[in-house]
Amino acid sequence: MGRARTPLSVSARLENDDLPVLWQLRFSHFNEKGRWALDYKGIRHVRRDLTPGTHPSRSKRLGGSGTTPLLQIGGRTIGDTTEIIAELERIRPEPPLYPDSEPDRLRALELEDHFDVELGPYIRGAVFDATLPYPREFVAISTQGLGRRTQIMQRVMSPLTTRVVRRLLVDGPGGPEKCRAKTVAAIDRLEAELDGGDYLVGDGFTVADLTAAALLLPLVSPPEFQYRLPEAWPPPWEEFRRSLSERPGYVWALEMFRRHRGTSAEVAA
């Protein structure tokens, strides 16, 4: 369900011009990592939706490297979620995402990097492999928040974009089997690191927990997600989800969303 937006006065629009701007793809798990950090810190910000397919060129024109999310804040443009969280931690230390002690902080950052590299690209490849054969569902997920004309164009272009997405994001990381295997391996690592505990580092929520849970978004489909996810995914992805749904790591990710996702700090543009 989309969120209602209240029209803003001129003074409110001028005030919003000074707010951080998050350029995003709503459905993306890496974008969820950036959104979650902003919301967890309670940093009021404006979100602007990009069009899948053209978002790399738009990101570059905005000063990024071609990826999303892209955060414009304090005169800087930041296009990496690790750097985004580091900047948010610098300007808004509370509530913290970095542990107090140096060893724990380094450990949390190590795990953040691990899940960024060893989970993020592969779970994306796995879910795209399962949903691309269902263009109606794929377009509905990927174009939410965009104008009607854009949605129609995305449907028309779906035969071409499907081939490009598969080549870059499914075959690029090694193909469907590797993407699924690496996703399962990441859950294995998550469960080993938790070792029955509630959090990955110490006894509180850190950047490591936020990263792992956010990147598991397309697998666990948490009710706290602020945008729209399918009530039922295409059958291949539903089957993969069911195969992992009783794993402790799957249940843990849902619990992290329940405990710590909180409310949106977005200000309507």
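**Close-up 1. R189 sits in helix α9, which covers residues 176-194.** Everything in these views comes from a predicted model. Is R189 buried, partly exposed or exposed? With a relative accessible area of 25%, R189 is partly exposed, because the partly exposed class runs between the 20% and 50% limits. Now look for H114 as well: R189 and H114 are 75 residues apart in sequence, yet their C-alpha atoms are 9.6 Å apart in space.

**Close-up 2. Helix α9 also supplies E191, whose side chain meets that of R247 in a salt bridge.** The N to O distance here is 2.8 Å. R247 lies in the loop between α12 (235-244) and α13 (248-260), so this pair ties together parts of the chain that are 56 residues apart in sequence.

**Close-up 3. Following on from that loop, P248 is found in helix α13.** P248 has a relative accessible area of 53% and is therefore exposed, since exposed means over 50%. Which residue can you compare it with in space? Try G196: P248 and G196 are 52 residues apart in sequence and 8.5 Å apart, C-alpha to C-alpha.

**Close-up 4. R26 and D49 join their side chains in a salt bridge, with 3.0 Å from N to O.** R26 belongs to the loop between β1 (21-24) and α2, while D49 belongs to strand β2 (residues 46-49), so the bridge ties together parts 23 residues apart in sequence. The two partners fall into separate classes of exposure. R26 is buried, because its relative accessible area is 14% and buried means under 20%. D49 has a relative accessible area of 23%, so D49 is partly exposed.

**Close-up 5. A salt bridge between E89 and K41 links distant parts of the chain.** Its N to O distance is 2.5 Å. You will find E89 in helix α4 (residues 81-91) and K41 in helix α2, 48 residues apart. Are these two residues buried or exposed? Both E89 and K41 are buried.

**Close-up 6. Some salt bridges share partners and form one network.** Its members are E32, R35, D39, R47 and R261. How many salt bridges are there in the whole structure? A search finds 23.

**Close-up 7. Helix α2 (residues 29-41) packs with helix α10 (residues 207-215).** Their axes are 8 Å apart, and the packing angle is about 140°. The two helices are therefore oblique to each other, because angles must be over 145 degrees to count as roughly antiparallel. The crossing of α2 and α10 is right-handed.

**Close-up 8. Here helix α6 (residues 120-131) crosses helix α8.** Their axes come within 8 Å and cross at roughly 140°. That angle makes α6 oblique to α8. What is the handedness of this crossing? α6 passes α8 in a left-handed crossing.

**Close-up 9. Stay with helix α8, which covers residues 148-171, and find M153.** M153 counts as partly exposed, because its relative accessibility is 46%. M153 is also one of the residues that make a nonpolar surface patch of about 580 Å². Its companions in the patch are I152, V156, M157, L160, V164 and L168.

Key
Residues numbered from 1 in each chain as written. Predicted model: local features only at pLDDT ≥ 70, side-chain atom pairs only at ≥ 80, totals over all residues. Heavy atoms only, no water. Patch = residues over 30% accessible without salt bridge, like charges linked within 9 Å, V, L, I, M, F, W, Y side chains within 5 Å. Areas by Shrake-Rupley, 256 points an atom, 1.4 Å probe, with all protein chains shown as cover. Salt bridge = Lys/Arg side-chain N within 4 Å of Asp/Glu carboxyl O. Helix = DSSP H or I, 4+ residues; strand = E, 2+ residues; numbered from the N terminus. Buried < 20%, exposed > 50% of the residue type's maximum accessible area, 1.4 Å probe, protein only. Axes fitted to C-alpha atoms, helices over the stretch in contact; angles between N-to-C directions. Parallel < 35°, antiparallel > 145°, perpendicular 65-115°, else oblique. Left-handed = near helix turned anticlockwise from the far one by under 90°.
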